[in-house]
Amino acid sequence: MRCPYCNSTDDRVLESRQNSTGTVIRRRRECLNCGTRFTSYEKTEEKPLMIQKKSGELQEFSTEKLKKSITTATRKRKIEHTVIDSMIAEIEDAAEYEGRVSHVISSSMLGDLILEKLKEVDAVAYIRYASVYRNFDDLKRFITEIKQIDKKNKR
């Protein structure tokens, strides 16, 4: 560690402590060159989850974008905010789990995770999201999707 006063890299650690959550270590140090004492903090650097788009482009995962798309799909539906927040947290957790090794998941996998949760919560919100995500271009695609949901709901 470089001394902030004389720029020497010779120091010794006098004391180390973790914070209450165990995510940061505070170290009290003494410079062996000038004798000044200073504090340093260590924390693990986590790689952000990246979304690989169909074009191959990588984009950092955004909870705000996720929330916006789900809010749009569920707009004017009688769904409690707590249910939406819970759904967002579950999708986020599932995405992080899927990308746990490489820290990358495909946009199609993320879309499928969103569709799965929306289908559990509200069929109309599911159709809204699916129409954009799967790029429905004619009425037949809507009808086919609605029939599939209807079959599953009757079981």
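## A tour of the chain, stop by stop

Select β2 and β3 to begin: these strands form a hairpin with 5 residues between them, and Gly-35 in the turn has a positive phi of about 80 degrees. Strands here are DSSP runs (E, at least two residues), helices are DSSP runs too (H or I, at least four residues), and both are numbered from the N terminus. Two strands pair if DSSP finds at least two bridges between them. The model is predicted: local features need pLDDT of at least 70, side-chain atom pairs count only at pLDDT 80 or more, and totals for chains, interfaces and linings use all residues. Residues are numbered from 1 along each chain as its sequence is written, and side-chain values use heavy atoms, with hydrogens and water left out.

**Stop 1: the hairpins**

Stay on β2 and β3. How many bridges join β2 to β3? There are 7, and the two strands run antiparallel. Strand β3 covers residues 37-43. Now pick Ile-25. Opposite Ile-25 stands Glu-42 in β3.

Next, add β1, residues 11-18, to your selection. Strand β2 covers residues 24-31. These two strands also run antiparallel, with 7 bridges between β1 and β2. Click Val-13, then look across to Arg-29 in β2, which stands opposite. Do the same with Glu-15: its opposite residue in β2 is Arg-28. In a regular strand, side chains alternate between the two faces of the sheet.

Follow β1 into its turn. The hairpin of β1 and β2 has 5 residues between the strands. Gly-22 in this hairpin takes a positive phi near 80 degrees.

**Stop 2: two unusual phi values**

Most residues other than glycine have a negative phi. Which value does Asn-7 take? Its phi is near 65 degrees, a positive value in a residue other than glycine. Find Asn-7 in the segment before β1. Asn-7 counts as partly exposed, at 48% relative accessibility. The cut-offs are simple: buried means under 20% relative accessible area, exposed over 50%, and partly exposed in between (1.4 Å probe, protein chains only).

Jump to His-103. Here phi is near 60 degrees, again a positive value in a residue other than glycine. His-103 sits in the loop between α2 and β6, the strand of residues 104-106. At 25% relative accessibility, His-103 is partly exposed.

**Stop 3: two serines in α3**

Select helix α3, residues 107-121. Ser-107 has its place in this helix. Is Ser-107 buried or exposed? Ser-107 is buried, with a relative accessible area of 18%. Show its contacts, meaning heavy atoms within 4.5 Å. Leave aside neighbours within four places in sequence, and Ser-107 touches Ile-51, Gln-52, Lys-53, Lys-54 and Tyr-133.

Move to Ser-108, also found in α3. Ser-108 is partly exposed, with a relative accessible area of 32%. Draw a line from its C-alpha to that of Gln-52. The distance is 8.7 Å, although the two residues are 56 apart in sequence.

**Stop 4: Arg-77 in a loop**

Where is Arg-77? Look in the loop between α1 (63-74) and α2 (81-98). Arg-77 is partly exposed, with a relative accessible area of 31%. Beyond its neighbours within four places in sequence, Arg-77 is in contact with Asp-122, Val-124 and Arg-128. Now pick Asp-138. Its C-alpha lies 24 Å from that of Arg-77, and the two are 61 residues apart along the chain.

**Stop 5: the whole chain**

Zoom out and colour by secondary structure. The chain holds 5 helices and 6 strands. From the N terminus on, the order is β-β-β-β-β-α-α-β-α-α-α. The radius of gyration is 25 Å, well over the 15 Å that the globule rule gives for 155 residues, so the chain is more spread out than a compact globule. This radius is taken over C-alpha atoms, and the rule is 2.2 Å times the number of residues to the power 0.38. Along the principal axes, the C-alpha atoms fill a box of roughly 80 × 35 × 25 Å.

Show the buried residues. They make up 28% of the 155 residues. Among contacts between residues at least 6 apart in sequence, 37% join residues at least 24 apart.
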